[in-house]
Amino acid sequence: APSALLYKWCHHLLKDHLIEGKGGHMYVRFESNSILQLLYPCNRYSPNKCLVCGGSYPDHLELWWSNKLYTPFDRHLDRVYQAALTIRDAGVKALSRKKSSSKSKEPVIVGPPTFSFHKDYVYDVSDILREEKDRKKQLQKIVKKYSPDRKPLKGWTMQTFPAFQVGYILPPIEGAKEKKPSIIYGMVRAVVLGAFNDFLYLQEVENGKIKDKQ
């Protein structure tokens, strides 16, 4: 704030002390020991500059926050973000290999990224849903992938979002000591899955918005 005040004050006084010389060059004429002499040159100040150190507000904010960065929580968020970041095949384009080059080139990402945070909580079967349109073949591939003995996944929950070509499966609740789970567990599971489905729907809406911006 003090730097911004001096910046405005200096430029206000400067307007009345500019003189145009030969060749269109501009000169500043001020009286000795005047306020303008003390303030000039005006580029020492800025609307977004500290009067003491000369740093900007973002510089101060970064310096103040630097000792709070890279905490275990920040690193955890980075890991979760990187794990959820996915690039679909349609968004990857391989560089052509030049005849004179013996080393393969890294793929270049040309499509928008997508986020799959839900994979940390459920078994994602979106790839199977995109590959197979037939419902019966979808179930066969899901059983083949998640059932080692190829038996039907009895009691498993399956939820699909055809509009987004996204789906997941979830194993049944296991009761304590081989007993059936209580009704309370079932009610809690239903509530949690309802909130999870809302979250998954919003995630795919955001993925669609990201894709539309490209």
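## Tryptophan 9 and its surroundings

Let's start with tryptophan 9, which sits in helix H1, a stretch covering residues 2-14. Keep in mind as you look around that this is a predicted model.

Is tryptophan 9 buried or exposed? Tryptophan 9 falls in between: with a relative accessible area of 39%, this residue is partly exposed, because the "partly exposed" class lies between the buried limit of under 20% and the exposed limit of over 50%.

Which residues does tryptophan 9 touch, leaving aside those up to four places away in sequence? They are Ile35 and Leu39. In the same part of the chain, you can also look at leucine 36: 27 residues separate leucine 36 from tryptophan 9 along the chain, and their C-alpha atoms are 8.8 Å apart.

## A sheet of three strands

Now turn to the open sheet, where three strands line up in the order E7-E9-E8 with antiparallel pairing. Strand E7 (123-124) and strand E8 (157-161) each have a single partner strand, so they stand at the edges, with one side of each lacking a neighbour in the sheet. In general, strands of a sheet pair through backbone hydrogen bonds, in either a parallel or an antiparallel way.

You can follow one pairing in detail: E7 joins strand E9 (residues 166-170) through two bridges in the antiparallel sense. Here aspartate 124 has tyrosine 168, in E9, as its bridge partner.

## Helices across the sheet

Which strands does helix H6 lie across? Helix H6 (residues 135-146) crosses E7, E8 and E9, and runs at about 130° to E8. Helix H7 (residues 183-213) lies across E8 and E9, with an angle of about 155° to E9.

Terms used:
Residues numbered from 1 in each chain as written. Predicted model: local features only at pLDDT ≥ 70, side-chain atom pairs only at ≥ 80, totals over all residues. Heavy atoms only, no water. Helix = DSSP H or I, 4+ residues; strand = E, 2+ residues; numbered from the N terminus. Buried < 20%, exposed > 50% of the residue type's maximum accessible area, 1.4 Å probe, protein only. Contact = heavy atoms within 4.5 Å. Pairing = 2+ DSSP bridges. Axes fitted to C-alpha atoms, helices over the stretch in contact; angles between N-to-C directions.
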